[in-house]
Amino acid sequence: MAGHTENEIVIAAPLDLVWDMTNDIENWPRLFSEYASVEILSRDGDSTTFRLTMHPDENGTVWSWVSERTADRDGLTVRARRVETGPFRYMDIRWEYAQTPDGVRMRWTQDFAMKPDAPVDDAWMTQNINRNSRVQMALIRDRIEQRAREAHTPAAMAD
């Protein structure tokens, strides 16, 4: 059995702002609460290979891995996969963006499978990813909406 998750949120902000902020990989440690650092390893056109390092977990373990991400601005999608899979046999992620009357719908679809010797199974990881995705998406929404409000203040407009 493999794991599959789908999570989405609507962000009340312009599409360009949502796209730019969520695809600015270097700034992910300021956008996501779980990432301590990011290191860009290479860029090739719309593809970026990078190392993500998380803050220590409750046991003091620091998790880090290399991912590859390819953005398709015209198609409003991003495909990503873990290159260094760690406890996963594979991890593929698809980001989709869509303009709605209420803002931009951002959807994350993750397909994965845990290795047989991983400390957790597919079902546990599915629950963990669903729980964490909701937390991170709400945080991202709040940060982007705050940036959108700041861009429309009288002081910002006078610049």
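This section describes the salt bridges and the strand pairing of a predicted model.

Eight salt bridges are present in the structure. Side chains of opposite charge can pair when their charged atoms come close. One of the eight is formed by the side chains of Glu8 and Arg107, with an N to O distance of 2.5 Å. Because Glu8 belongs to strand β1 (residues 3–11) and Arg107 to strand β7 (residues 103–114), this pair ties together parts that are 99 residues apart in sequence. Glu8 has a relative accessibility of 40% and counts as partly exposed. Arg107 is also partly exposed, its relative accessible area being 25%. The contact belongs to a network of salt bridges in which Glu8, Arg105 and Arg107 are linked.

A salt bridge is also found between Asp16 and Arg73, whose closest N and O atoms are 2.2 Å apart. Asp16 is located in helix α1 (residues 15–22), whereas Arg73 lies in the loop between β4 (64–72) and β5 (77–82), so parts that are 57 residues apart in sequence are tied together by the pair. Both partners fall in the partly exposed class: Asp16 has a relative accessibility of 47%, and Arg73 has a value of 31%.

In the salt bridge between Arg51 and Glu84, the closest N and O atoms are 2.8 Å apart. Arg51 is a residue of strand β3 (residues 47–54) and Glu84 is in the loop between β5 and β6 (88–100); the pair therefore ties together parts that are 33 residues apart in sequence. Arg51 is partly exposed at 23% relative accessibility; the limit below which a residue counts as buried is 20%. Glu84 is partly exposed as well, with a relative accessibility of 34%.

The loop that carries Glu84 lies between β5 and β6, two strands that run antiparallel and are joined by five bridges. Within this pairing, Val78 has Trp95 in β6 as its bridge partner. The two strands form a hairpin with five residues between them, and Gly86 in the turn has a positive phi of about 60 degrees.

Strand β6 is also paired with β7, again in an antiparallel arrangement, through twelve bridges. Tyr90 stands opposite Ala113 of β7. The connection from β6 to β7 is a hairpin of two residues. Strand β7 thus takes part in the pairing with β6, and its residue Arg107 forms the salt bridge that ties β7 to β1.

Methods:
Residues numbered from 1 in each chain as written. Predicted model: local features only at pLDDT ≥ 70, side-chain atom pairs only at ≥ 80, totals over all residues. Heavy atoms only, no water. Salt bridge = Lys/Arg side-chain N within 4 Å of Asp/Glu carboxyl O. Helix = DSSP H or I, 4+ residues; strand = E, 2+ residues; numbered from the N terminus. Buried < 20%, exposed > 50% of the residue type's maximum accessible area, 1.4 Å probe, protein only. Pairing = 2+ DSSP bridges.
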